[in-house]
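The following exercises concern the packing of helices and strands. Please study the sequence and the structure before reading each solution.

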Amino acid sequence: MDWEPEVKELFEKIVAKVPETFRPMVKPMLHDTAEKKCNERNAGMVNEADLITGLFEITPEPFKAESIDNLKELGVDVQKYIELKEVQDEYRVSWEQFGKAFHPGNVHFAMYVTDRCNQKCVHCAADSHEHRPELTTDQWKHILDNLETSLRKEGKRGVYIWFGGEPTCREDIRELIKYCGDKDYYQALITNGILFDDDFAKYCHDNGMSHVFISVDSADPKKSDEIRGSPNSLEYAEKAAKSGLKNGLFMCGSTTVMKYNIDELENIKELCEKWGVAPYFRAIVKQKKAAENWDDIGLNQDDYKRLYEFKYKETVEAVRSGKGAELPIYSIFEMVPFMERPVNNKELTALEWGVGCQACRVFNGIDVNGDVFPCGYPSNLILGNMLEQSYADIRNSQVFKDIQNKKRTGKCASCHHLELCGGGCRVHAECETGDFFGSFSYCWHENDHEH
């Protein structure tokens, strides 16, 4: 893992102040703990907060006063990090309420196991009008082991989200689910619900499925059928939600926000909550079938701002009212806070791990042929192939690190929101500009002030 140069220097200065007797033990322990803290933020570079809060974590109580004095001599704002450590501990307790697959530090993978589907959605980002050859069961098992082995060497875990197309159309999907269950790999599923009945839900639960996303693109049955190109789509979604809950699964309602449903966000949220599932909203991406229908379904800048305000407002208000530790951790995931910045450690700790662009931080995609995408959406930028390379080698590539460390061009490169925002969705930027590192076309923010 990379370290900020000045933080690496501070690390050496801190270690030099440790008595020689303890130095050989303390140095590797502090190094590993700082990198663990960085992992919890889903970041790719260790910063000062990771180092200092890591030092507090490993320092025995009798030595803490001396450690604080040493930090003050090195010019460190100790009180700030004492408060930050307290806040981090508070949120760590709250994270334990949720399934381990949602904990910070995991890497989520959209596993595109098939192009086949039993619906014809107007916004499909996987529909290329032809079904590409599928990898075999054994090839997908090899990919799973490749990913998990590489991640565990870094102290991370994978979360394998069966995706497509419609993953339940694969005849061997149960075998793949069982393989993950037997190996204790974290896994999830995103489905339209047509084939997700009580028996399938029970099978998922019995094999350790963490959570299931059910596609819910409208609260209106007629509009839902129009969007998903299939009759009774909302009925299938509700049936699947009830089957999952009945069998003890954590269920999420996954909504792709587009022009057709931008006015329904509150209604969709209420419907999901009525069913007992957690609402999750993500913006439509200008790809494949969605690109063909973009004039009818695409978002513009004002629409994107409405989505941002809808997703962000509720979370920030909870944090600012002292209820941040009660938030479901997934409610923060993928938000892009262009217009606001955290004003204290509570806000920062609640938001930092999951806001902004998640490409190469906490998300990758694996395509039908084993190609690796930077995030869960398909992209023209391919990082490697899981049948030809180890995931460790792909993670260590320069392009992977550039994405993870938020290298950007254009307006985004100099924006004071880049640290958290990450320049917005990179696949959106690629779709609009042709450059994965380019500026985010939907951003309304102007760099004409300081915070």
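**Exercise 1: Helix α1 and helix α2**

α1 passes α2 in a right-handed crossing (the near helix is turned clockwise from the far one by less than a right angle; anticlockwise would be left-handed). The model is predicted, so that local features need pLDDT of at least 70 and side-chain atom pairs pLDDT 80 or more, while totals for chains, interfaces and linings use all residues. Residues are numbered from 1 along each chain as its sequence is written, and side-chain values use heavy atoms, without hydrogens and water.

Task: State which residues make the contact of α1 with α2, and how they divide by class.

Solution.
Step 1. From α1 come K8, F11, E12, I14, V15 and A16, and from α2 come R23, K27, L30 and H31 (contact means heavy atoms within 4.5 Å).
Step 2. These residues comprise five nonpolar, one polar and four charged (Ala, Val, Leu, Ile, Met, Phe, Trp, Tyr, Cys and Pro are nonpolar, Asp, Glu, Lys and Arg charged, and the others, Gly among them, polar).
Step 3. Helix α2 covers residues 23-40, and its axis lies 10 Å from that of α1 at an angle of about 150 degrees (axes are lines fitted to C-alpha atoms over the stretch in contact, and angles between N-to-C directions run from 0 to 180 degrees).
Step 4. The two helices are therefore roughly antiparallel (angles over 145 degrees; under 35 is roughly parallel, 65 to 115 roughly perpendicular, the rest oblique).

**Exercise 2: Helix α1 and helix α3**

Task: Determine how α1 and α3 are oriented to each other.

Solution.
Step 1. Helix α1 (residues 5-16) and helix α3 (residues 48-58) pack at about 25 degrees, with axes 9 Å apart.
Step 2. This angle makes α1 roughly parallel to α3.
Step 3. In α1, V7, L10, F11 and I14 meet E48, L51, I52 and L55 of α3.
Step 4. By class, this contact has seven nonpolar, no polar and one charged residues.

**Exercise 3: The sheet**

Task: Give the order of the strands in the open sheet, and name its edge strands.

Solution.
Step 1. Eight strands (DSSP runs of E, at least two residues; helices are runs of H or I, at least four, and both are numbered from the N terminus) follow the order β8-β7-β6-β5-β4-β3-β9-β10, with mixed pairing (two strands pair if DSSP finds at least two bridges between them).
Step 2. The edges are β8 (278-283) and β10 (372-373), each pairing on one side only.
Step 3. Strands β5 (residues 186-191) and β6 (residues 211-215) run parallel, joined by four bridges.
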